[in-house]
Amino acid sequence: MTKIYKESKAINDLSFEICKGELFVILGSSGSGKTTTLRLINRLIDPDEGAVYLNSNDTKTMDPVKLRRKIGYVIQQIGLFPHMTVKDNIGLIPRLEKWKEEDISNKVDELLTLVALPPDLFRYRYPNQLSGGQQQRVGLARALVMDPPLLLMDEPFGALDPLLRMQLQNEFLSIKRKLDKTIVFVTHDIEESFILADRIGVMHGGKMLQIGTPSELLFEPSNEIVSKIIGAENKFKAIRFLQAKDVMIPLDKSCLIESDISCKETINMMISHKIDSCIIKKSNSDIAQVSLIELLNEKDKAKSILAIGNKLNVFASNDTLSSIISLLKSSNESMAVIIDRGNVLGIVRINSVLMNLV
Ligand code: ADP
Ligand code: MG
């Protein structure tokens, strides 16, 4: 798309794709065209050239009002109606859509619970009786009321103080896991983008310079401007907000043993797959590693594989690199295993991660 304001291109030949179910962060400094991009997606404005496709349908062919009911929109200024209660703010569109009063009440309570505002305390408050963070939660609840498959969020936590901001980011991540939504999240805050994003698109001068995961952008910036925006010259800073999933080496399934087989069977399996070490999952919290040499040296080859191995430190995919490093350092180990909802995803070798940071 291209969008021109008085001969200057706010959006300049912008083309990119967002995948279903991902949290796509648009990162860029002020004036780079982030807000304009969101407004083009939900047709608050139309492009001068190009088009937006939703599931391969050109949004120009859709009724803009109907389109926007399928797209939640959360903005920094929140935009709650001051003379309406929390319930009426959230229930506004359902009421226009002639939902039954009981259904509206149930939905409002469900959403307030989701955004961690106890309904009995907050349902009948007015916006000026809420803190900034609480207003932002109501804004999110309102954006979710029609259960839109797509959610656009424009610097929603930008006006909050740093501590509250971090709390809301974490809450938002856990809300996101409960919802099956595609989310486009705009921010100028690198740290926020690293914490939240599945993928980040770096915008500058109305163009998308590079799209990638946090670690791709950090370790392989495509040019100087991306490198500056991401802060790649100072990668060490990133250990505070890089997460396990960003730095892990995905685990090859042939290296993972989850069943009760013997050492001998394991040796045969490892030789046939040409691997020299494997991960043994005994339970969600008890995961070990064993090398081929150790197995060959094991006297009782009939022994269960579940009875041997060196226990590994286990981390969740969203644990930060700094927390992994400090725990490994205190236990004097160099490797950790990353597990998410009971699935072993990969391993982190701390030495190779640190080598990449310098
Ligand atoms: P961001 O959200 O990244 O800070 P915007 O998308 O709001 O940036 O703006 C991109 C550029 O387009 C800026 O230079 C801004 O001044 C210009 N712009 C945005 N909206 C308008 C408008 N309605 N009229 C004129 N210029 C605009
Ligand atoms: Mg903006």
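In this predicted model, ligand 1 is surrounded by Y5, A10, S29, S30, G31, S32, G33, K34, T35 and T36. Two of these shell residues are nonpolar, seven are polar and one is charged. Helix α1 (residues 34-41) gives the largest share of the shell, three residues.

Backbone atoms of residues in this shell approach oxygen atoms of the ligand, as the table sets out.

| Residue (backbone N or O atom) | Distance to an oxygen atom of ligand 1 |
|---|---|
| G31 | 2.7 Å |
| S32 | 3.2 Å |
| G33 | 3.0 Å |

On its own, ligand 1 has 560 Å² of accessible area, and the protein covers 58% of it.

The model also contains pockets. The largest pocket has a volume of about 830 Å³. Its lining consists of 27 residues, and those closest to the centre are I18, V52, Y53, L54 and N55. Helix α1, together with β4 (53-54) and β8 (182-187), are the elements that contribute two or more residues to this lining. By class, the lining of the largest pocket holds 15 nonpolar, seven polar and five charged residues.

The second largest pocket encloses about 550 Å³ of space. It is lined by 21 residues, with R68, I71, Y73, I93 and R142 nearest its centre. At least two lining residues come from each of α2 (64-69), β6 (71-75), α4 (92-96) and α7 (132-144). Strand β6 provides the largest share of the lining of this second pocket, five residues. The lining of the second largest pocket divides into 14 nonpolar, four polar and three charged residues.

Definitions and conventions:
Residues numbered from 1 in each chain as written. Chains lettered and ligands numbered in written order. Predicted model: local features only at pLDDT ≥ 70, side-chain atom pairs only at ≥ 80, totals over all residues. Heavy atoms only, no water. Near = heavy atom within 4 Å. Polar contact = N/O pair within 3.5 Å; in protein donor to acceptor, adjacent residues only side chain to side chain. Areas by Shrake-Rupley, 256 points an atom, 1.4 Å probe, with all protein chains shown as cover. Helix = DSSP H or I, 4+ residues; strand = E, 2+ residues; numbered from the N terminus. Nonpolar A, V, L, I, M, F, W, Y, C, P; charged D, E, K, R; others polar. 1 Å grid on protein atoms, 1.4 Å probe; cavity = no way out; pocket = protein on both sides within 12 Å on 5 of 7 lines; lining within 4 Å. Points joined across faces, edges and corners; volume = space filled by probe spheres on them.
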